[in-house]
Amino acid sequence: MHVLIVFACYMASAARSAPLPKSSSALVEDPQFQEILQRSRSLTQKILDSISDTHKSCVHTETLQLNSSENAKLATMASTIGIPRAPVLRAVSKNFTLEAGLRAMHDGLQLHQELLTSISPRLGMKNKVAVLISDVRDLKIQIVKMQKMTQMQAAVPPMSTSVELRLPGDYDVQVAAHLTLDQLQTFSQDVARCLRSLDSSDDDEKES
């Protein structure tokens with residue numbers, strides 16, 4: 001009986017001393033979170049700024065243009081090649097939590113890193129693609145840091161890397177590179193908007 005009482009007191013003490021997880025709003029205001037957020041926003045903008053030049057360096061088929069209304073017609077070919085859609089990323093709200101947003105960012109970046117890595121060996125010009133892959137990886141690392149701060153888990157398990165593209169010819173490679181960069185651009189724009197909504201310095205600017 002004495003042992004049970006001692007054990008119960010120990011568990012109560014441990015519960016009192018254990019750090020409580022921060023709420024999403026408190027976490028976002030954390031200076032360390034904001035510092036990582038600023039690095040993430042900078043990397044996201046770097047990715048967006050480099051996509052156009054990267055596309056020009058490796059996609060030489062004139063009919064394949066970024067931001068073209070014709071891209072929608074390539075949906076069937078994207079499926080045939082095996083390019084998965086990017087995760088849906090929305091602004092953080094009651095129906096789309098911070099944790100869900102960070103998870104979508106991580107998985108989307110992982111997907112595009114895998115796609116670009118798979119396509120790169122088949123491209124003639126690889127330098128700009130290699131830099132873009134590095135930037136995507138670096139942004140993913142920052143997102144993982146924010147994920148860890150949410151105390152969701154000690155480490156984020158990697159997304160399945162079973163991307164297997166069917167690229168029998170050079171035109172298929174061109175289309176794959178084009179569609180991947182086009183999708184990465186749209187996804188990165190969503191990432192930029194989501195990160196901006198979490199930036200407390202933007203709120204300060206609006207109030208001033």
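Leu167 makes a handy starting point in this predicted model. Setting aside residues up to four places away in sequence, Leu167 touches Ile81, Arg122, Asp172, Val173 and Ala176. The residue sits in the loop between H6 and H7, yet its relative accessibility is just 12%, so Leu167 counts as buried, the cut-off being under 20%. Gly82 is 85 residues away from Leu167 along the chain, but the two C-alpha atoms are separated by 9.2 Å.

One of those partners, Ala176, belongs to helix H7. Ala176 has 0% relative accessibility and therefore counts as buried. Outside its neighbours within four places in sequence, Ala176 is in contact with Ile81, Ile83, Ile119 and Leu167. Ile81 turns up here again: its C-alpha atom and that of Ala176 are separated by 7.2 Å, with their positions 95 residues apart along the chain. Leu165 draws on some of these partners too, touching Ile81, Gly82, Ile83, Leu115, Ser118 and Ile119 once residues up to four places away in sequence are left out.

Leu165 also leads into the nonpolar core. The largest such core has 51 residues, and those with the most contacts inside it are Leu89, Met105, Leu132, Met146 and Leu165. At least two core residues come from each of helix H2 (24–29), helix H3 (31–58), H4, helix H5 (98–119), helix H6 (127–149) and H7. Which helix gives the most to this core? That is H7, with 11 residues. As background, nonpolar side chains in soluble globular proteins tend to be buried together.

Over in helix H5 is Leu98. With a relative accessibility of 3%, Leu98 counts as buried, because that value is under 20%. Neighbours within four places in sequence aside, its contacts are Ser24, Leu27, Val28, Phe33, Val92, Thr150 and Leu198. For Leu98 and Ser25, which lie 73 residues apart along the chain, the separation of the C-alpha atoms is 9.1 Å.

Not every buried residue looked at here is nonpolar. Ser40, a residue of helix H3, comes out at 0% relative accessibility and so counts as buried. Leaving out residues up to four places away in sequence, Ser40 touches Leu139, Gln142, Ile143, Met146 and Leu195. Met146 is thus a contact of Ser40 as well as one of the core residues with the most contacts.

Is Val131 of helix H6 buried, exposed or partly exposed? A relative accessible area of 46% makes Val131 partly exposed, since that class runs between the 20% and 50% cut-offs. The C-alpha atoms of Val131 and Ile47 are separated by 9.4 Å, although the two residues are 84 positions apart along the chain.

Asn67 is a bit of an oddball. Most residues other than glycine have a negative phi. Asn67 is not a glycine, but has a positive phi of about 60°. The residue lies in the loop between H3 and H4, and at 62% relative accessibility Asn67 counts as exposed, because that value is over 50%.

Next comes the largest pocket, which holds about 330 Å³ of space. Helix H4 (75–81) and helix H7 (170–197) are the elements that give two or more residues to its lining. The lining is made up of Asn71, Ala72, Leu74, Ala75, Ala78, Ser79, Ile83, Pro84, Arg85, Leu179, Asp182 and Gln183. By class, these residues divide into seven nonpolar, three polar and two charged. Ile83, part of this lining, is also in contact with Ala176 and is touched by Leu165.

Zooming out, the protein has eight helices and zero strands, and reads α-α-α-α-α-α-α-α along the sequence. Out of 208 residues, 43% count as buried. The exposed surface comes to about 11,900 Å², and carbon and sulfur atoms supply 55% of that area. As for contacts with a separation of 6 or more, 84% are between residues 24 or more positions apart. The contact between Ala176 and Ile81 is one example, given their 95-residue spacing along the chain.

How values were computed:
Residues numbered from 1 in each chain as written. Predicted model: local features only at pLDDT ≥ 70, side-chain atom pairs only at ≥ 80, totals over all residues. Heavy atoms only, no water. 1 Å grid on protein atoms, 1.4 Å probe; cavity = no way out; pocket = protein on both sides within 12 Å on 5 of 7 lines; lining within 4 Å. Points joined across faces, edges and corners; volume = space filled by probe spheres on them. Helix = DSSP H or I, 4+ residues; strand = E, 2+ residues; numbered from the N terminus. Nonpolar A, V, L, I, M, F, W, Y, C, P; charged D, E, K, R; others polar. Core = buried A, V, L, I, M, F, W, Y, C linked by side-chain atoms within 4.5 Å. Buried < 20%, exposed > 50% of the residue type's maximum accessible area, 1.4 Å probe, protein only. Contact = heavy atoms within 4.5 Å. Areas by Shrake-Rupley, 256 points an atom, 1.4 Å probe, with all protein chains shown as cover.
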